[in-house]
Amino acid sequence: MIYFIVTTSLFNNCPIRQSQYVQGITKLKEIVGNHPNASIIIVENNGQRATFLDALHPEVYYTRNNSIKTGNKGIKELQDVRDCIEHYKIQDGDFIVKMTGRYILDDDSEFMDVVLNNLNYDSILRYGSFMKPCDYKMYDSITGLIGMTCKYVKQIVRPTEHQCVEWMWAKATELIADEKIHIVKQLGINIAPNPDCNNYFKV
């Protein structure tokens, strides 16, 4: 089974953020379609309550991880993924795609094509940072869209306060044989690292 875990965080009633989530999640649902082995889960980390996400998709899981006492957003996001694994009883052999809900997929996303049509890997990713992606295995990765078999996701080390979670996802691929890692040349997703504006660019 393929689980798309879409991370969201609603606070300060930001209309830009809401619009981005609607666009990003709607596009993901369109591309995944009725794939028989795929399930989309939206995770939101500010506690159980009614939000617009409930009308956007039938499967929304609310955590309270935004209240974790840390300035490192990656710690909160990784905990959201871990909580989804536990709550939905996702099995070690299942494949997890972690996607930032504000980001918008391209119709011809190489990443999505491999996930949905040729999933013979334990990890599908783009190494490097979003400012400097690369085509070889290294210590950094783009986690706005990343895929990994659940048993390896569960082994991702929680970052310290001053470590990037992107490093931890990349480090987890050291546990995976090279032939089971697919390094995409381009993810095929439009990202906006600053959630307060719509300055998107493709990675």
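A residue counts as exposed when its relative accessible area is over 50%.

**View 1. Y139, an exposed residue in a loop of the predicted model.** Y139 lies in the loop that joins strand 8 (133-134) to strand 9 (145-149). Its relative accessibility is 57%, and therefore Y139 counts as exposed. Beyond its neighbours within four places in sequence, Y139 is in contact with E166, W167 and A170. A170 is also included in a second, separate core of 27 residues, together with C134, V165 and I176. Y139 and K29 are 110 residues apart in sequence, and their C-alpha atoms are 31 Å apart in space.

**View 2. The largest nonpolar core, centred in this view on F111.** The largest nonpolar core comprises 33 residues, and those with the most contacts inside it are F4, L28, F111, V115 and I189. Two or more residues each come from strand 1 (2-8), helix 1 (15-32), strand 2 (38-44), helix 2 (53-56), strand 3 (60-62), strand 4 (95-100), helix 4 (110-117) and strand 11 (189-191). Helix 4 contributes the most to this core, with five residues. When neighbours within four places in sequence are left aside, the contacts of F111 are V97, I124, L145, I146, G147, V184, Q186 and L187.

**View 3. Helix 3 (residues 73-87), its cap and its surroundings.** With 15 residues at 1.5 Å a residue, helix 3 should span 21 Å; its end C-alpha atoms are 21 Å apart, which agrees. At the N-terminal end, N72 acts as the cap, with a side-chain oxygen 2.9 Å from the backbone nitrogen of G74. Just after the helix, K89 adopts a positive phi of about 50°. The buried residues of helix 3 are G74, I75, K76, E77, L78, D80, V81, D83, C84 and I85. Among the elements that cover them are strand 1, strand 2, strand 3, strand 4, helix 5 (150-153) and helix 6 (165-172).

**View 4. The largest pocket and its lining.** The largest pocket has a volume of about 770 Å³. It is lined by 35 residues, of which K73, E77, T100, R102 and Y103 are the closest to its centre. Strand 1, helix 1, helix 3, strand 4 and helix 6 each give two or more residues to the lining. Helix 3 gives the most, with five residues. E77 of helix 3 is thus shown here as a lining residue close to the centre of the pocket, and it is also one of the buried residues of that helix.

**View 5. G24, a buried glycine in helix 1.** G24 belongs to helix 1. Its relative accessible area is 0%, so G24 is buried. Neighbours within four places in sequence apart, G24 is in contact with M99, G101, Y103 and I104. Y103 is also among the residues closest to the centre of the largest pocket. G24 and G47 are 23 residues apart along the chain, and 21 Å separates their C-alpha atoms.

**View 6. E44, a buried residue of strand 2.** E44 is placed in strand 2. Because its relative accessibility is 0%, E44 counts as buried. The side chain of E44 reaches the backbone nitrogen of L10 at 2.8 Å. Not counting residues up to four places away in sequence, E44 touches T8, S9, L10, R49, L53, Y61, Y62 and T63.

Technical notes: Residues are numbered from 1 along each chain as its sequence is written. This is a predicted model: local features need pLDDT of at least 70, side-chain atom pairs count only at pLDDT 80 or more; totals for chains, interfaces and linings use all residues. Side-chain values use heavy atoms; hydrogens and water are left out. A nonpolar core is a set of buried Ala, Val, Leu, Ile, Met, Phe, Trp, Tyr and Cys residues joined through side-chain atoms within 4.5 Å. Buried means under 20% relative accessible area, exposed over 50%, partly exposed in between (1.4 Å probe, protein chains only). Helices (H or I, at least four residues) and strands (E, at least two) are DSSP runs, numbered from the N terminus. Contact means heavy atoms within 4.5 Å. The expected span of a helix is 1.5 Å times one less than its number of residues. A polar contact is a pair of N or O atoms within 3.5 Å; within protein, one must be able to donate a hydrogen and the other to accept it, and residues adjacent in sequence count only if both atoms are side-chain atoms. On a 1 Å grid over the protein atoms alone, a cavity is a set of points where a 1.4 Å probe fits but cannot get out, and a pocket is an open set with protein on both sides within 12 Å along at least five of seven lines; lining residues have an atom within 4 Å of a point. Grid points are joined across faces, edges and corners, and a volume is the space filled by probe spheres set on the points.
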